[in-house]
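Hi,

Here is the structure I promised to pass on. Have a look at it first, and then read my notes underneath.

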Amino acid sequence: MNDLSGRISWADVGLALLLVAVAVAISRMRRTGLEGDIAVATFRSFAQLLAVGFVLDFVFGGGTALTPVVLLVMVGTATLTSGARGKRVPGAYWIAATSVSAAAGGTLGVLLLLGIVPAAPRAAIPLGSMIISNAMNTASLVMRRLRDDLGAHRREVEAHLSLGETAAEASASWHRTAVRNGMLPIVDQTKVVGLVALPGAMTGMLLAGASPSSAIKLQMVVMYMLLGGNAFAALVAGRLTVSRLFTSDHQLIRSLRRVSD
Amino acid sequence: MGDRFEYRNVRVDGDSAPIIESFSARIPADGLTAMVGPSGAGKTTLLRLLNRLDDPDAGEVLLDGRDVRSYDVLELRRRVQYVGQVPVTFPGTVAANVGPEVEHLLARVGLDAALGWRDADRLSVGEAQRMCLARALARHPECLLLDEPTSALDTIAKAGVEGLIRSLADEGLTVVMVTHDPRQASELADRVLDIGLR
């Protein structure tokens with residue numbers, strides 16, 4: 001077999017570190033000051049992947065019951081990351097948690113329910129991780145965009161409110177832009193898939209020795225899943241963010257309006 | 001005629017110090033009331049309390065003798081229309097901005113009916129401010145709140161809009177206007193509330 005699964009030894013990994021040394025050398029030479037970051041990144045990736053490898057070996061080897069725990073840890077980490085990005089939105093962590101969970105639960109649920117993927121950790125965990133990391137980025141994008149836009153267009157938003165419109169009506173055009181903005185990356189990625197880059201799932205299957213025809217089928221399922229998951233995350237994040245940027249009396253929250261006269 | 005609005009011991013907190021500290025005043029239902037004061041005195045904030053773009057941190061604001069918070073906020077804002085300092089036009093034509101009664105309303109604010117088909121963002125600032133007044137009047141309000149309504153206008157446009165505001169007050173609308181200009185306040189208004197420095 002010409003495939004790479006099971007063929008890479010720790011010695012091979014050590015040899016691959018030579019490429020990191022190249023990166024460090026270039027960084028030195030061009031005085032980018034990134035050597036420290038490269039070292040930290042290399043060490044972190046090594047430790048994180050080692051840990052994940054252990055956990056997955058255990059879960060795949062009979063610890064199936066731990067699958068939800070692994071997914072929950074991923075959702076938790078995504079929540080912390082996305083929540084910190086959107087922290088000028090009140091309740092950002094809560095919004096991130098809900099959007100990411102909705103995206104992961106919704107899409108994984110559909111895939112399992114329709115029997116497209118088996119209810120096994122080997123399927124649920126990698127697919128879940130892809131949805132979760134994508135939904136995390138989407139939730140961050142939507143929260144930030146909405147907050148920035150409603151702040152920058154305070155006058156327009158309040159002009160709408162002053163005419164007696166609801167918060168939902170007054171924010172509709174910026175809400176639409178934010179959701180669109182959150183979904184665009186995955187839509188563009190889906191358009192050029194295979195032409196610009198061979199995406200991760202497909203690459204992985206090819207390296208592991210699968211035939212291209214089965215690799216593309218998995219990639220299709222992954223792309224469609226990510227489209228659905230991101231749309232879900234954008235929808236939920238948009239709704240919740242709007243509800244947190246206005247009071248129940250259809251007023252912009254105070255931190256968004258700095259009135260000067 | 002009785003009071004349309006009343007401020008009772010109103011306090012509004014800012015980031016560090018209060019923007020308004022214990023303010024009380026009455027605004028009668030008839031005519032034009034000007035609130036005048038230097039910049040930073042909290043005039044805009046006081047105006048925004050009347051249609052609940054903002055709420056006081058202490059005290060109450062009454063409309064026709066009832067706390068403004070006891071009304072449905074959307075209905076309150078329909079009755080009490082607010083027009084800001086810089087005219088805000090929405091995308092689309094003037095007609096789309098103003099609504100079905102556009103012809104009649106444009107005439108009422110002194111704009112040519114032909115402007116109805118023009119893109120709202122192609123109006124001059126003076127025309128845009130008149131259009132904003134028309135859009136507010138389209139909601140059939142009982143009160144108009146005007147925040148420095150002429151500060152973005154040149155001298156000629158300013159005189160025109162001042163005349164329009166005066167005639168709206170004469171037609172029976174309660175008009176509350178905020179201005180930094182004591183001359184404008186005393187020439188135009190039926191009464192002047194001096195906000196002063198806190």
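Below is what I found in chain B, going from the overall picture down to a few residues.

First, keep in mind that this is a predicted model. Confidence in chain B averages a pLDDT of 92, and 98% of the residues score at least 70. If you go through the elements of chain B one by one, helix α2 (residues 73-79) has the highest mean pLDDT, at 97, while helix α6 (residues 155-170) has the lowest, at 91. As a general habit, predicted coordinates should not be read in detail where pLDDT is low.

Now the overall build. Chain B has 7 helices and 9 strands. The C-alpha trace spans about 50 × 35 × 35 Å along its principal axes. Is that what you'd expect from a compact globule, and why? A compact globule of 198 residues would have a radius of gyration near 16 Å, and chain B comes out at 17 Å, so the two agree. Of the 198 residues in chain B, 55% are buried. I also looked at contacts between residues at least 6 apart in sequence: 69% of these join residues at least 24 apart. As for the outside, the accessible surface of chain B is about 8300 Å², and carbon and sulfur atoms account for 49% of that.

Next, a bit of strand pairing you can trace on screen. Start with strand β4 (residues 58-63) of chain B, which pairs with strand β1 (residues 3-13) of chain B in the antiparallel sense, over 5 bridges. β4(B) also runs antiparallel to strand β5 (residues 66-67) of chain B, joined by 2 bridges. B:L62 is a handy place to see both pairings: B:E6 stands opposite B:L62 in β4(B), and B:L62 in turn stands opposite B:D67 in β5(B). β4(B) and β5(B) make a hairpin with 2 residues between them. One residue to click on in that turn is B:D64, which has a positive phi of about 50°.

Last, one alanine. B:A107 sits in helix α4 (residues 102-108) of chain B. Is B:A107 buried or exposed? B:A107 has a relative accessible area of 55%, which is over the 50% cut-off, so B:A107 counts as exposed. For a distance to check in your viewer, take B:A107 and B:A134: these are 27 residues apart in sequence, and their C-alpha atoms are 9.0 Å apart in space.

Cheers

Terms used. Residues are numbered from 1 along each chain as its sequence is written. Chains are lettered from A and ligands numbered from 1 in the order in which they are written. This is a predicted model: local features need pLDDT of at least 70, side-chain atom pairs count only at pLDDT 80 or more; totals for chains, interfaces and linings use all residues. Side-chain values use heavy atoms; hydrogens and water are left out. pLDDT is the predictor's confidence in each residue, from 0 to 100. Helices (H or I, at least four residues) and strands (E, at least two) are DSSP runs, numbered from the N terminus. Buried means under 20% relative accessible area, exposed over 50%, partly exposed in between (1.4 Å probe, protein chains only). Two strands pair if DSSP finds at least two bridges between them. The radius of gyration is taken over C-alpha atoms; the globule rule is 2.2 Å times the number of residues to the power 0.38. Contact means heavy atoms within 4.5 Å. Accessible areas come from the Shrake-Rupley method with a 1.4 Å probe; for residues, only the protein chains shown count as cover.
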